[in-house]
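User: I'm new to reading protein structures and I'd like to go through one step by step. Can we do it as questions and answers?

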Amino acid sequence: MELLTSILSLPVNSLLVFTGAALFLWYYLQDQLSYWRKRGVPYISPIKCFSFTMAQTLRTKSVLETTKEMYELLEGHSYGGIYRLFRPAVILRDPGMVKEWLVKGFPSFHDRNSPPDKKARNLSGNLFTLTGDRWHTVRTKLAPAFSSAKLKVMYQTLKGCASDVNAHLQGLCSAKGEVEIDIKDLVSRYAMDVIGACALGIQCNAIKDPENCQMRKAVQQIFRINWRFSLQILLSAIHPKLALLFSLSRGTTEVTKFLTSVTKEAMDVKKKAGSSRKDFLQIMMSAGDTEIEKRKLKSTEDEDFVFTENVITSMIGLFLSAGLDPVATTVTFCLYELAYHPEIQDRLFQEIQTVRNECGDEIGFEDLKKLQYLEQVVNETLRKYPPAGVLSRKCTESFQIPDSSVVIEKGLGLMIPAACFHHDPKYFPDPERFDPERFSKENIGNIVPGSYIPFGEGPRFCIANRLALMDVKTMLITLVSDYALHPCARTKNHFEFDRETFTLNPKGEVWLRLKKRN
Ligand code: HEM
């Protein structure tokens, strides 16, 4: 009543403007929210979608949980329409279509949904978020950093970190021959040392001196869903550029400052010392120099210059965070499953022993290929616990859905629910069972194409998938070779997942008993 009285007391001009704005908003919302109904596409109601968006923003549900609900609501359809607040988007439900859309249809789904920030502020200008030609330039320059020759060199770094872990565990086990340990913490420290060396060429000492490892504390923040990130998602659902207007992005100011100063320091050291180490930072610095030379740019301030310090820092932030959490959680989930499946653990141990005996104790880079069962165990871990369970794209060029008259319009978002495929009994019977046999030589051919995509699909698949697998495998070999893994009194018999992380993460500590093998 009070509102009505105040509206009626407004001057006529204001009333007209107010009514016009209200009518426009009403028409706009009506139009937007009937988008899928008008096109005859199966869809989830705007109200239901609104509840999902709010649950994600308030973190009462994770992105994965809401995606699973959407997947179930669209049962029986190959794809469906959803709404991110007022903006229509599409969810792909048929794995058979993944290649068609992400590989053949790449020009139409070239970019991710992240709002483009040309200045790459606040860790926002990395390969994951870059769009168009800038993404292409950076991806092309960085691809050789993951060649077999480069991986072989990195393998030595990984082995060096493995010896540190071994020495650390030997110390812990010296009294009783066994130790109860938060394996998530141990593995994350191991992963930090590896990626610090590969990305920046520095020693993080997370195994030897975890308390003073500022780097791990900072990098762990990057994949955390803080209020800035939730707000960014909400604002970009209203309009992609709104989030930029408020200069919001994943990194907090402190993390950005910390990484900017560490990266700058490492760059200065390299410039002075003329380092020949081919870590990721060195590769990007050289790419920047070549770019300036080739394009005869006067300065790095040129607005088309790609490898700016902001882009390099953002890339370092991405490499460090991707090398830390997804790798560490994959190893943690795997060790946990092995502790509960002694028969799988024994078979894996036997395989490692056989290969070790064949190659004179030290498993070399080329020998990794011989560990077929290890490959199956890792694949099954990534099926059951995919670190990045939902892939996203943005429609960059209108796309006609094959064998249909429906056209996906430029600007619409696309979601590919990888984790839902991995857990759908239609593609993986009894999906909660940990069963590496699904990936045996006999069975792997039966996997429905597109239903197993832990590293994504198409030209934007994970650039570092081979490094990630090598990293995960080396950690598993190190631990399984010398220690038998068991649950202990502090081990929880099921996982609760952390809703505040961008990637799949077990909430809290993961305790196991490690018993030294003879
Ligand atoms: C087990 C570990 C990892 C998993 C499961 C994983 C998974 C993924 C997935 C699903 C994507 C999105 C792919 C798509 O949209 O199609 C991705 C992208 C990416 N990942 Fe990984 N990743 C892992 C480790 C790493 C590591 C260690 C690095 C770097 C050192 C890394 C760097 C990247 C980059 C740069 C992209 C963006 C690629 C582009 O858009 O061109 N990832 N990753």
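Here is a chat about the ligand site, the core and a few single residues of this predicted model.

User: Let's start with the ligand. Which helix supplies the largest share of the shell around the ligand?

Analyst: The shell around the ligand has 26 residues. Helix 7 (132-142), helix 15 (309-340) and strand 4 (391-394) each bring at least two of them. The largest share is 6 residues, and the element that gives them is helix 15.

User: How many residues of that shell are nonpolar?

Analyst: The closest residues to the ligand are Arg 112, Trp 135, Arg 139, Arg 393 and Cys 462. Sorting the shell by type, you get 5 charged and 3 polar residues, and the nonpolar ones number 18.

User: How far is an oxygen atom of the ligand from an N or O atom in the side chain of Arg 393?

Analyst: A polar contact needs N or O atoms within 3.5 Å, so let's go through a few pairs. A backbone N or O atom of Leu 127 sits 3.3 Å from a ligand oxygen. For the side chain of Trp 135, the distance is 2.8 Å. For the side chain of Arg 393, it is 2.7 Å.

User: On to the core. Which helix gives the most to the largest nonpolar core?

Analyst: The largest nonpolar core has 145 residues, and those with the most contacts inside it include Trp 101, Met 192, Phe 280 and Leu 320. In soluble globular proteins, nonpolar side chains tend to be buried together. Here 17 residues of the core come from one helix, the top contributor: helix 15.

User: Which leucines is Met 192 in contact with, leaving aside neighbours within four places in sequence?

Analyst: Met 192 is among the core residues with the most contacts inside the core. Its list of contacts has Cys 204, Ala 206, Cys 213, Met 215, Arg 216 and Val 219, and the leucines on it are Leu 320 and Leu 324.

User: What span does helix 8 reach from its first C-alpha to its last?

Analyst: Helix 8 covers residues 148-173, which is 26 residues. At 1.5 Å a residue you'd expect 38 Å, and the model comes close to that with 36 Å.

User: Is Ser 314 buried or exposed?

Analyst: Ser 314 is found in helix 15. The side chain of Ser 314 reaches the backbone oxygen of Asn 310 at 2.7 Å. The cut-off for buried is under 20% relative accessible area. Ser 314 has 1%, so it counts as buried.

User: And which residue is 189 residues from Ser 314 in sequence and 5.6 Å from it in space?

Analyst: Ser 314 is a nice case for comparing sequence and space. The two numbers, 189 residues along the sequence and 5.6 Å from C-alpha to C-alpha, both belong to its pairing with Gly 125.

User: Which backbone oxygen does the side chain of Ser 481 reach?

Analyst: Ser 481 is found in helix 19 (residues 465-482), and it is buried at 6% relative accessible area. Beyond four places in sequence, Ser 481 touches residues including Phe 349, Ile 352 and Arg 517. At 2.6 Å, its side chain reaches the backbone oxygen of Ile 477.

User: Last one: what distance separates the C-alpha atoms of Thr 53 and Lys 271?

Analyst: Thr 53 lies in helix 4 (residues 46-57) and counts as buried at 11% relative accessibility. Outside its sequence neighbours, Thr 53 is in contact with Tyr 83, Arg 84, Leu 85 and Leu 234. Lys 271 is 218 residues away along the chain, and the C-alpha separation is 47 Å.

Key:
Residues numbered from 1 in each chain as written. Predicted model: local features only at pLDDT ≥ 70, side-chain atom pairs only at ≥ 80, totals over all residues. Heavy atoms only, no water. Near = heavy atom within 4 Å. Polar contact = N/O pair within 3.5 Å; in protein donor to acceptor, adjacent residues only side chain to side chain. Helix = DSSP H or I, 4+ residues; strand = E, 2+ residues; numbered from the N terminus. Nonpolar A, V, L, I, M, F, W, Y, C, P; charged D, E, K, R; others polar. Core = buried A, V, L, I, M, F, W, Y, C linked by side-chain atoms within 4.5 Å. Buried < 20%, exposed > 50% of the residue type's maximum accessible area, 1.4 Å probe, protein only. Contact = heavy atoms within 4.5 Å. Expected span 1.5 Å × (residues − 1).
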